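Visitor: Hi, I have a structure open and would like to talk it through. Could you take a look with me?

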Amino acid sequence: MLFKSLNGISKKVNFETAVKKGLADDGGLYFPEHIRPLKKDFIENLENYSNIDIALTVLEQFIGDSINKIDLRKILSNTIDFDFPLVDLGKNIYSLELFHGPTLAFKDVGARFMANCLAYFNKNSSKLNTVLVATSGDTGAAVANGFYKVKGTNVIILYPKNKVSEIQERQLTTNGNNITALRVKGSFDDCQKIVKNAFLDKELNEKFNLTSANSINIARWLPQSLYYFYAVKNLKKDNLVFSIPSGNFGNICAGLIAMKLGLPIKHFIASTNLNDTIPRYFESQVLSPKPTIQTISNAMDVSIPSNFIRIQEMFENFQDLSSVMSSYSFNDKQTLEAVKKIYNNNNYILDPHGAVGYLGLKKHLESCSAQKTGVFLETAHPIKFANDIEKSIKVKIKFPERINGILSKKKKYYNIVSYNNFKTKIMSMDFY
Ligand SMILES: *Cc1c(COP(=O)(O)O)cnc(C)c1O
């Protein structure tokens, strides 16, 4: 199977090329030229398959000949070695916890998969690759962890100054080795702009062999469809609806792919914070981004969701799209009220992103007449947002053992104020 560019000019490429390039030469995102539904028998008996077997079956049509089956199984085993538990919160509502990976971020799966794929594709190459990634908090940490000490690869992370939490900043800036952190004066969108400019910059590309690790890269994006398979495997219920706390809309887009592959999911809710470009689109059918607003669910502080074009690609028209997807926006006050309510009722601590997901799910379920089972994606561990959460529930969150060492490590980053400043900085760096 090949991937086409959504700008329609560049020619189709296989998985390996799409992963290495990130973005097509015409600037378009890559998208599968077709999506072949999986066998009914497989979908109906997911509980008989291991998580790795499910991953193989789901992903093999996209990967084609780019990776042989034995190596793909190895890559998947390196990627998926933690759980995706569902927590029952009563009233047919479940939290799908996606934060059990090494950096406590749902992005660990995509980042580890991509790192493993690139290491595999480059195993015989003497060229040094540079992975450039803009992060609103969690992506950078997951990518840094996935690529840490991967031979032949440097990682440069750009994150917005004062707009990530303390733990997130530590996860970004304390790795050392082949990981470099750049602290950018501005918003996440400013970081993303620098990355986009860098990819259009011939001089930089020649010197650094740039690759993107944002969710525009299919290796980061596609494996996220596995979460939905694991949820359906464990839940075994009909009439499922999923609410996804959304920023760049990669995760929800992967969910829609899972549906196209045959998962029996009835509806998707894209839950956002005040960065409400898509909720407003569902009302007006017009995309009119506003400046990014800083919120407590900072990984979703995105006003131009880069994956939305992939979602539009999957549907004939707006009618079609809105029959399976809705979108709602919530402010920080509502988010913290939800955190408090779920803590008081269920003794369960949400993070701000999961709380937005919960709110969207509630709103949708209240508008439905039929009985449905709702799952919201809990995309981060609450400890990353301890300040806001502890203030709200007046309880100290237990520090997860996995990241115990991080508070004693020294932060190291370079300050960046503009594209030219960025370019000068990295051109002057002596990487190896
Ligand atoms: C990245 C992220 C999101 C948003 O995911 P998208 O795929 O960009 O929509 C939500 N929550 C957390 C914690 C994240 O890190």
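Visitor: To start, which backbone oxygen does the side chain of Ser 136 reach?

Guide: Keeping in mind that this is a predicted model, the side chain of Ser 136 reaches the backbone oxygen of Ala 299, at 3.2 Å.

Visitor: And where does Ser 136 lie along the chain?

Guide: Ser 136 is found in the loop that runs between the strand β5 (129-134) and the helix α6 (138-147).

Visitor: Is Ser 136 buried or exposed?

Guide: Ser 136 counts as buried, because its relative accessibility is 6%, and the cut-off for buried is under 20%.

Visitor: OK, switching to the ligand: how many residues surround the ligand, and which are the closest?

Guide: The ligand is surrounded by 15 residues, and the closest of them are Lys 107, Gly 247, Asn 248, Phe 249 and Thr 379.

Visitor: What classes are in that shell?

Guide: Sorted by class, the shell around the ligand is made up of six nonpolar, seven polar and two charged residues.

Visitor: Which atom of the ligand does Thr 379 pair with?

Guide: A polar side-chain atom of Thr 379 lies 2.7 Å from a nitrogen atom of the ligand, while Asp 138 places a polar side-chain atom 3.2 Å from an oxygen atom of the ligand, and Gly 250 has a backbone N or O atom 3.1 Å from an oxygen atom of the ligand.

Visitor: How much of the ligand does the protein bury, then?

Guide: On its own the ligand exposes 380 Å², and the protein buries 97% of that area; the space that the ligand takes is also the largest cavity.

Conventions
Residues numbered from 1 in each chain as written. Predicted model: local features only at pLDDT ≥ 70, side-chain atom pairs only at ≥ 80, totals over all residues. Heavy atoms only, no water. Near = heavy atom within 4 Å. Polar contact = N/O pair within 3.5 Å; in protein donor to acceptor, adjacent residues only side chain to side chain. Areas by Shrake-Rupley, 256 points an atom, 1.4 Å probe, with all protein chains shown as cover. 1 Å grid on protein atoms, 1.4 Å probe; cavity = no way out; pocket = protein on both sides within 12 Å on 5 of 7 lines; lining within 4 Å. Sits in = over half its atoms within 2 Å of the grid points. Nonpolar A, V, L, I, M, F, W, Y, C, P; charged D, E, K, R; others polar. Helix = DSSP H or I, 4+ residues; strand = E, 2+ residues; numbered from the N terminus. Buried < 20%, exposed > 50% of the residue type's maximum accessible area, 1.4 Å probe, protein only.
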